[in-house]
Amino acid sequence: TSAPTTSAPSTSTPTTATPTTSAPTTSVPTTSAPTTAAPITASPTTAVPTTAAPRTSAPTTAAPSTSAPMTPSTAPSVVSLRRSPAPTYNTAAACTKDRKRCDVISKLLTVAERTATCRTHNNNGEERCPVACGKMACYSLTQACTDTYTEQFIAMNTTQECKWITWMRNKKSPFVSMICQSTAQPVDEEGVAQDDFSQLVQDRCQKTCQNPACTCADRTFPFWTAAEDITASGVREAVRERNCADLYTMNPLKRETVCQLPIQGVTDHLSTLTNGIATIIKVHYMCPKACGVRTECLCTDSMEMVPTPSRNNTERSCFWARNYSTEKLAKFCDERIEPHFARACARTCQHEACAKHDTTYSLLLYGDVISTSCQQIAFYPQGSDYINFMCGAMDYRKMLFAYELCPVACAGFVPPGE
């Protein structure tokens with residue numbers, strides 16, 4: 001079948017104000033929630049496309065509208081909205097650590113030598129030495145994340161499926177990023193959107209959308225790096241095995257250099273035009289959070305416990321520091337004192353690189369009933385009800401307000417009490 005034609009999106013902003021309701025009754029952490037009221041949202045007012053589901057992998061619906069969904073005055077309260085389970089992300093790549101006998105491959109200096117040695121084993125050595133010989137599972141951009149939702153849903157007033165978005169990505173459609181960071185509403189048996197705004201498309205189609213929660217996770221298995229000069233004076237860094245965790249305690253200047261070293265795996269066969277794998281894989285690809293080369297990976301707070309080995313509490317959450325004194329917080333955010341915390345909690349530490357960066361991670365607000373993104377917030381004009389409701393809400397997974405995670409999209413929002 002022929003590929004579908006897509007029209008340019010409409011970028012009009014909504015003309016209806018968002019009605020106000022009381023905040024949801026779901027439980028949240030003990031810290032106080034914002035005083036702004038929760039928003040009312042409902043399924044888009046445009047009709048669901050009536051075209052039948054395609055028989056091929058290519059979608060038959062028109063290009064999505066990039067205007068934010070309108071909310072009629074008859075919308076239900078947030079409390080009555082449906083809620084899908086909070087998304088989870090399987091970031092542990094399905095890759096086993098190489099056995100010691102594989103080290104001989106990683107120590108070979110040329111790609112030709114390493115490739116030839118891998119080919120002496122079954123399946124080019126990918127099962128016996130998956131890291132050294134370049135097994136795809138070890139190097140996938142999205143690690144072990146998958147598309148968790150197989151049904152149709154409504155996104156940006158258009159019927160979508162994960163596999164259709166995959167087709168659009170393969171065709172390099174400019175709409176993919178916009179769709180992925182918009183709300184995905186499940187549909188009922190008649191194709192009508194349900195009142196469920198709790199997940200973005202990138203949470204239902206994690207692999208297809210290359211969800212940053214998946215692509216920014218450091219790999220947990222060791223790998224080898226090439227021998228290269230690491231200083232202007234010609235000091236040579238030998239071929240060696242590395243772990244992402246080691247980068248956090250490394251001198252920042254050395255870390256910057258090490259993050260640019262190519263790895264010693266046989267990986268040149270993995271890259272395609274659409275899978276996001278570089279032709280030459282470097283350390284920063286393996287350790288995106290630790291290296292922070294990609295701003296979207298640096299500028300977020302970890303939702304896991306962060307090591308603080310020099311303290312009585314040898315690990316803590318980023319948000320524990322929210323009420324620290326300025327002096328105490330400065331010590332935790334000093335890489336020379338607490339290197340793990342300073343890197344893992346860049347938002348709490350107000351890292352200068354994050355001052356004008358809107359996160360691409362999904363935002364879960366109002367007791368996980370409403371999911372949105374900085375991009376979706378940016379559709380609305382500053383000062384609108386939607387801006388006030390969303391920017392003033394807290395993502396309790398990270399204990400950060402949306403205006404802290406979206407400093408550009410929420411630039412005109414004034415937090416209560418300021």
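## Disulfides and the surroundings of helix α4

Cys 291 counts as buried, since its relative accessibility is 10%, where the cut-off for burial is under 20% relative accessible area. Its disulfide partner is Cys 259, and the two sulfur atoms are 2.0 Å apart. Cys 259 is buried as well, with a relative accessible area of 1%. The torsion about the S-S bond of this pair is about -90 degrees, so the link is left-handed. Because Cys 259 lies in the loop between α9 (252–258) and α10 (283–286) while Cys 291 belongs to helix α11 (residues 288–291), the bond ties together parts of the chain that are 32 residues apart in sequence.

All of this is read from a predicted model, in which the mean pLDDT of the protein is 82 and 78% of the residues reach 70 or more. Residues 1–58 have a pLDDT below 50, although in the model this stretch makes 145 contacts beyond its near neighbours in sequence. Residues 66–76 also have a pLDDT below 50, and for them the model shows 41 contacts beyond near neighbours in sequence.

### Disulfides

A search of the whole structure finds 14 disulfides, and the link between Cys 259 and Cys 291 is set out below with two others.

| Disulfide | S to S distance | Torsion about the S-S bond |
|---|---|---|
| Cys 162 – Cys 205 | 2.0 Å | about -80 degrees |
| Cys 259 – Cys 291 | 2.0 Å | about -90 degrees |
| Cys 299 – Cys 354 | 2.1 Å | -90 degrees |

The disulfide of Cys 299 and Cys 354 is left-handed. This pair links distant parts of the chain, 55 residues apart, with Cys 299 in the loop between α12 (295–298) and β10 (306–307) and Cys 354 in the loop between α14 (339–344) and β12 (363–365). Both Cys 299 and Cys 354 are buried.

For Cys 162 and Cys 205, the torsion is about -80 degrees, so this disulfide is left-handed too. Here the bond again connects distant parts of the chain, running from Cys 162 in helix α4 (residues 162–170) to Cys 205 in the loop between α6 (201–204) and α7 (212–215), a separation of 43 residues. Cys 162 and Cys 205 are both buried.

### Helix α4 and Gln 181

Cys 162 is joined among the buried residues of α4 by Trp 164, Ile 165, Trp 167 and Met 168. Their cover includes the strands β3 (153–155) and β4 (158–160) together with the helices α5 (176–180) and α6. After α4 comes Lys 172, which has a positive phi, near 60 degrees.

Gln 181 is placed in the loop between α5 and β5 (185–186). Although its side chain is that of a glutamine, Gln 181 is buried, with a relative accessible area of 11%. When neighbours within four places in sequence are left aside, Gln 181 is in contact with Leu 200 and Gln 202, and also with Thr 360, Ser 373, Gln 375 and Gln 376.

### A nonpolar surface patch

On the surface, Met 305, Phe 319 and Trp 320 make a nonpolar patch of about 270 Å². Of these residues, Trp 320 lies in the loop between β11 (315–316) and α13 (326–332), and its relative accessible area of 36% makes Trp 320 partly exposed.

Technical notes: Residues are numbered from 1 along each chain as its sequence is written. This is a predicted model: local features need pLDDT of at least 70, side-chain atom pairs count only at pLDDT 80 or more; totals for chains, interfaces and linings use all residues. Side-chain values use heavy atoms; hydrogens and water are left out. pLDDT is the predictor's confidence in each residue, from 0 to 100. Contact means heavy atoms within 4.5 Å. Patches are made of residues with over 30% relative accessible area and no salt bridge: like charges are joined within 9 Å, nonpolar side chains (Val, Leu, Ile, Met, Phe, Trp, Tyr) within 5 Å. Accessible areas come from the Shrake-Rupley method with a 1.4 Å probe; for residues, only the protein chains shown count as cover. A salt bridge is a side-chain nitrogen of Lys or Arg within 4 Å of a carboxyl oxygen of Asp or Glu. Helices (H or I, at least four residues) and strands (E, at least two) are DSSP runs, numbered from the N terminus. Buried means under 20% relative accessible area, exposed over 50%, partly exposed in between (1.4 Å probe, protein chains only). A disulfide is a pair of cysteine sulfur atoms within 2.5 Å.
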